[in-house]
Structure formats: structure tokens, C-alpha cells
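Reader: Hey, I've got this one open on my screen and could use a quick tour. Can you walk me through it?
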Amino acid sequence: MAKKPRGPLPSKQEILKFIAANPGMVGKREIAKAFNVAPAERVALKGLLREMKREGELQPASAGTQRLLPTGTLPEICMADILRQTRDGDLVARPVEWTGEGDPPQIDLSNSGGRSRELGAVGIGDRVLVRIRQAGSHRYQGRIIRVLEQREQPVLGLYSITEEGEGRLQPTDRKLRHEFLIAPEDAGKAKPGELVVAQPLPGRRFGLRSARVTEVIGHAEDPRALSLIAIHTHGIPTAFSAEAMREAEAAKPVTPKDREDLRPVPLITIDPEDARDHDDAVFAEPDTDPNNPGGWHAIVAIADVAHYVRPHSGLDREARARGNSTYFPDRVVPMLPEALSADLCSLIENKDRASLAVHLWFDAEGNKRRHKFVRAIIRVAAGLHYAQVQQAIDGAADEGAAPWLESVLKPLYACHAALNRARQARQPLSITSDERRVVLAPNGAIAAIRPRQSLLAHQVIEDFMIAANVAAAEELEKHRTPCMYRVHEPPSPDKVDSLRRFLETLDLRLAKGQVLRPHHFNRILEAVQQSEHMRLVNTVVLRTQMQAYYSANNQGHFGLNLARYAHFTSPIRRYSDVLVHRGLVSALRLGPDGLTDEDRASFDNIAEHISFTERRSMLAERDSLDRFVAAFMAEHEGADFAAHITSVNRFGLFVELDETGADGFVPMSALGDDYYMHDEARHALVGRRTKKRFRLGDAVMVRLVEATPVTGGLRFELLNAYGQTTGSNRPPRKQQPGKPQNVKLPKPKKPKPGRPAGIRTGKKQKNR
């Protein structure tokens, strides 16, 4: 075979392309061989590579090596900081040094978490040395070589002084079961009863560890401190940069120029009575198209946040870092400064506001025929709340809703009746869920804990929002524009198998050997609708489902039974929606403030980040609610309550009070003088000697032993168990605390058929 003739020096573009195709494997020798550079030209090649390094086009693959990488890629060995942990328990890191454009890439450290003999415990905030390889555009995979620096996290807790005069810190985190010693010189200005932040100190191998107070939060008895605990514990950002604040204060209202003028349309907002922002308005009317008899034309107008939050701005950096707003009983930590979130972006009654709106046309059965997105200027005709709207529809309109009953509200409900027919035909997952809310007195004290209302008005708005979200995803796909999808994957096979085995104990069957769809689960839920097992089965089916998340890749939404879905309707409080708005602006050429190349290149990283911030906010909100509930229940220690079992494990039972929805724990020691075995398949604890059984969903009577607002913990003891299989609501007879009633458990009865339970989770749809 004839040798390839000697060629001239390759161009810079050819060299960069070759190195990019073989990352970390290429040096001068490999380039010379690949391009058949003559020996006489190799000195010139060396000079060309030196010039490319000097101009910032190339960099060494690692220290002390001749191998090369294009600038803007990571070397095969680098330092990285651990950022977070994924749903699967893997760690995600960010390089310490990054010379490329845009956000630093993320490094997936699969199987690097936990404890190993070589590395010790690796956690969030640690700095590590990693060996990596490229795993796609702007993504790397790696493994930890060495832990360089482990950062012990500060501890939030309640400061107190013992009778002996020793300072103590009781952590607010229930997972930290030990106290810390606070020496007088380390207490700073902290006073007993105050919440403080303390940094653990090195040393003291035996006994309590020492810590130093670094910040005083406030007095623990102040109800406002309960939210601050959750904010600090979960690292929710609260302060905006000076740049972002300047940009927010300088923002101005829009004019009708280059916008569709929808101000004559009587759009209305329907929100919770205590809503802190208003990002969507709706309107519906019969379609005048003769080819669409019985059809409807609807408008969903959304706050045009993308007009104000421009790429590369301080506002954009702050919104991306937060990912979303976080809502507490007494406050909101907004994604955007209040000048925007509560004013200029909020769709306030009788104020001109910028909007990205979608016109939707439906047929008589609620199927979407077409849609059209426009940038508009709107003026909300009325700001109403759910109960007010529902009362008006039910014939008790107040002065705020009455003027709009015939012209707006009744057409909205009539259009929704068509949408609901399409929803029933689609068969989304239909799980009943209960929510609770904290009612605060004017002085900030907790007045009551009540369940959230479930009204048809909630479903009306939810279905309009879902239709708009689907239209946004379809429009971006049509124009081949990146879309931040809201993904909800089908349940994992392992979870489905576990559910199937559990249902068999109730003589229920879940389809086997076929692809499961939401309607398969709905049939199970329908079968137990009127039975004693309804709460139990709803809980287990819900826990079988996967958690929704954001992704640049479409995998559908299982729960809603939709092929494509994105979040478009809440850009004031979700960064995902801002990106969807920018995508629509780019795709439809609606302005200069659409997606940037940086946005497009960072979509995978942003998706992972905002999925993390969403979970962080959910945990913080839940923790805060638990603490508010514990503060409310602290006045009722020693009282007895009707409850039901919500979780079973080998340490005891978790219960939820029927009246308030408060959650608490019944330790194994409070179940009586027997040894209980955990029957995981049946979600039950079974006494080895007495055969007493405590099962998920069982009705029980409990006594509140201890309420700890600082940690949000409630501890109960079991009085007895009643109605475990019969569903009886008859109160139990008086028994001694800790002595559960011995109930003979008959075989489960054949469940009665019933109608499906509807989802009533309200308009905001945080987890969808």
C-alpha cells in the first residue's frame, strides 16, 4: 500500500477539530501523525501549537503533560467542589477553575458518595481532586481521587445555659441528635432562648463537641423565627445583589408598541385569597367560527417576566441561582425583587401590564384545535379568589364577583366543562391528596391549622393552565427550539412490583405484563373509593410514583398522561417558565430578549439546578409547616387525638391527626410489651407474641407526649387501634396509654366500586 504523501501544516481549525474529537489523548506527536506532517515541518508545527496556546485556543490536558485540550474544556484531573446530591444519591460537582464561556460545567461523580476506607465521608461543600472524562456537551463524568478539604457545616440551634452555667446548643435539625457545648467566650451576644448559628470546633473526641456562635437569629418563641429556621437550614438565598435591586427599581411599565392590545378584553385573575403574586389571567368566550359548533376561544395571559429579566443581567443571575420562589406560612422568599414580583410583573387589577398570552381554540369536546402566542399589553378587569368565584357560580355572588358573573365567570366554567370532558377521556392519574394551611392571627401568632378547600374553581384554573403549558411545549417543538420540559417518568419496575404484591394482600389486581398507564392505577383507586382501604391505597399508589423534574429532553408527563409538557404559566416564581418564555420569544421572533447561545448551551445544567432548587424549597416549606404545627400543638400536650397511620418502619409508626393534619411519631416502645416485626410487603408492624397488627392507613387514637417547635417534632403514644379493617368510626373505649387494643383482623372484604377521586391540589401545581 502506498504511503500517504507528506502534507502541509494543518490549519488551526483542523487541529481544534481533531483534538475535540479525541479529548485528552492528543499531543504534538499525535497531530503530526494524523496529518502526516513531514519531519522538516515539525518544528513549525510546534511553533503553531505554541501560538495557539498563547492566543488561548489550547491548554494542557493536565499539569506536566504534553497532551492538549481546546480552551473551555476541563483537564482530565482537576479540583472540584461538591455542589449537591442527585435523586439517586450520586454527587454533582463544579470545577474550581473554569476558563470557558457561560456557567461552569457540572461533573457527575457516580457512586462517589457515602463512606469508603480511602476517601472517608464526602459531602456537599467538600473540595476534591477528580479524574474526569467528557460525557457530552458541557457535561463530564468522574471519580474522586482525593479529598482535599472537608467543610463542616454550621449548625442552627437553640442556645441555653444549664444550671451548672454551661452553654448548650440544641440543633434544630432532627438528624443531629447530640447537643454542642458553648463556652462563655464563644457565646458572643447570644442569650438563652435565642436561635443562633454556631460553627463546630475541632477536637474533643469524647463527650459533647464544642461550637462557637457566629450569628444570632432571634428569639425562639417568636413565630416568625420558625420560617427563618427552615430558610437557614436549607440554604434558601434571601438577599438580592445591589445590581439586581438597581435593575428592578429602574424597570418601567410597557407601552402598547409592538404588542397586541388586549386591554379591552375582561381578563380576570383567580388566586388564593392570600396570594402574594398574580402571574396569570384568563378569559373565555364561545368560538364564532361556524366550522367549530359548540367550540370555545380562551385566552391565558401570563406576566411577561422575560421582558424585565434579560439574559446576562443581575436579575437573571439572581433568578437562576434561586430557581424558584419559596413560600412559608408567614412570608415568601421571592425569586425576583418585590418591585417586580409584587408590582410591575404582577397582574394587578386595573393596571396596564406586559403579558405573553396564548389564544386557545377548543372544540365542543375540549380538544384543542389550534393556538397562537402573542406579546400583549393587558389590563386585568378583576382580581378574584377561588372561594369568591365558586360562591358566585353557586348563586351567592358578592359585590366583587357579581359584575363578572354572566360575562366572564359563566363562560369560563362552560368552557371548562368541555375541557373536563377531554380530561376524562385522557385519564390522567387521579390521586386524592390532602393539604393543610396555617392561619395566622394579625400579631403573627398561629390561630388555627385547617385543611385547604377543594373547589371546582381550583380545577377550572388548573385545566386552563395545563392547556397553556401543553401549547407552549408544542410550539417550541414545532420550531425546533430548546424547551425546558416538565418530566414525570412512569413508576420504576421495582416500585410497581412492590405495589402489586401489596395490592394482592387486599385481593386487588394490578395489570401485569403490559405497559402501565395512569388509567390502570385509576381503576385500582376507583375500586377502593367507597371502602375502608381508600386512604391506605391512595397513599401507597402515590408513593409508587416518581418525582417530577425539569429536563432539556422530553420524556413525557406520566401523571397528566401527556406526551409533552412544559411550565409556562408562573414565570414570577419559576425560572423554568422564564426560559420557556425566552424560547417562545426566539421561536416566534417576538423581540430581542429571547434565548441566548449561553442559555442553549447550559440547558442540561440549568435543568439539574432548578430541579434541585425546587426540591430544596419543598423541603424548606414542609419543615417550616411542621414547626408551625408543632408550635400550635405545644399548647395541647397531654391531649388525645384521632389519627391514622401514614408510615410504618422498624422503629415505629408515623401518624397524622385527622383534624389538623399534624404529623408525628409513635416510637416502638409506645406500642406495648411485645416485639414487633416489620412486614414491609404489607406496610405493617406485627406483634410476634400477640399478633397485634398496626398497618398503614389504620385509624388510631394517640396522646401527644411532646411537641418541639424548634425541630418541628411531635411525639405521640398510642392509646389503642380501632377500625383497622372494619372502617368503623365509633370512638374507642377508654384504655391505658401505651396499651393498644387487640383487634381480630378478618379477611378484607371485596371492595365496592365507586367513582374516581379527583385531584384537587390547587392552581400552583408545584410538583407537576
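Author: Sure. Let's start with the contacts: among those in the chain between residues at least 6 apart in sequence, 65% join residues at least 24 apart. Keep in mind that this is a predicted model.

Reader: Okay. How many helices and strands does the chain have?
Author: There are 17 helices and 35 strands.

Reader: And what percentage of the residues count as buried?
Author: Of the chain's 768 residues, 50% are buried.

Reader: Which residues touch the most other members of the largest nonpolar core?
Author: Those are Ile268, Val300, Phe464, Met484 and Phe568, in a core of 89 residues. Helix α11, residues 456-478, supplies the largest share of this core with 11 residues.

Reader: Is there a general reason to look for cores like that?
Author: Yes, in soluble globular proteins nonpolar side chains tend to be buried together.

Reader: Let me click on Ile268. What is Ile268 in contact with, leaving aside its neighbours within four places in sequence?
Author: Its contacts are Asp280, Ala281, Val282, Val380, Ala382, Leu384, Val408, Leu409 and Leu412. Besides the core we just discussed, a second, separate one has 52 residues, including Ile431, Leu525, Val666 and Phe716.

Reader: Switching to sheets. Which strands close into a barrel?
Author: Five of them, in the order β3-β4-β5-β9-β8, with mixed pairing. On average, neighbouring strands of this sheet are turned by 50° against each other, ignoring direction.

Reader: How do β3 and β8 pair?
Author: They are antiparallel, with 5 bridges between β3 (residues 77-85) and β8 (residues 127-134). If you want a spot to zoom in on, Asp81 sits opposite Arg127 of β8.

Reader: Which helix packs on that sheet?
Author: That's α17, residues 603-633, which touches β3, β4, β5 and β9. The direction of α17 makes about 40° with that of β3.

Reader: And how does α4 lie against α17?
Author: The axes of α4 (residues 224-233) and α17 come within 9 Å and cross at roughly 150°. Angles over 145 degrees count as roughly antiparallel, so α4 is roughly antiparallel to α17. The crossing is right-handed.

Reader: Which residues make the contact?
Author: From α4 you have Leu226, Ser227, Ile229 and Ala230. On the α17 side, look for Ala620, Asp623, Ser624, Arg627, Phe628 and Ala631.

Reader: Now β21. Is that strand mostly covered or open?
Author: Mostly covered: 10 of the 11 residues in β21 (352-362) are buried.

Reader: What does β21 pair with?
Author: β18 (residues 296-303) joins β21 in the antiparallel sense over 8 bridges, and Ala301 has Ala357 of β21 as its bridge partner. β22 (residues 368-379) is also antiparallel to β21, over 11 bridges. Leu360 stands opposite His371 in β22.

Reader: How many residues are between the strands in the hairpin of β21 and β22?
Author: There are 5, and Gly366 takes a positive phi near 85° in that hairpin.

Reader: Last one: which strands form the open sheet of 3?
Author: That's β31-β32-β33, in that order, with antiparallel pairing. β31 (676-679) and β33 (693-695) are the edge strands, each pairing on one side only. The twist averages 20° from one strand to the next. β31 and β32 (residues 684-687) are joined by 4 bridges, and His678 stands opposite Leu685 in β32.

Notes: Residues numbered from 1 in each chain as written. Predicted model: local features only at pLDDT ≥ 70, side-chain atom pairs only at ≥ 80, totals over all residues. Heavy atoms only, no water. Core = buried A, V, L, I, M, F, W, Y, C linked by side-chain atoms within 4.5 Å. Buried < 20%, exposed > 50% of the residue type's maximum accessible area, 1.4 Å probe, protein only. Helix = DSSP H or I, 4+ residues; strand = E, 2+ residues; numbered from the N terminus. Contact = heavy atoms within 4.5 Å. Pairing = 2+ DSSP bridges. Axes fitted to C-alpha atoms, helices over the stretch in contact; angles between N-to-C directions. Parallel < 35°, antiparallel > 145°, perpendicular 65-115°, else oblique. Left-handed = near helix turned anticlockwise from the far one by under 90°.
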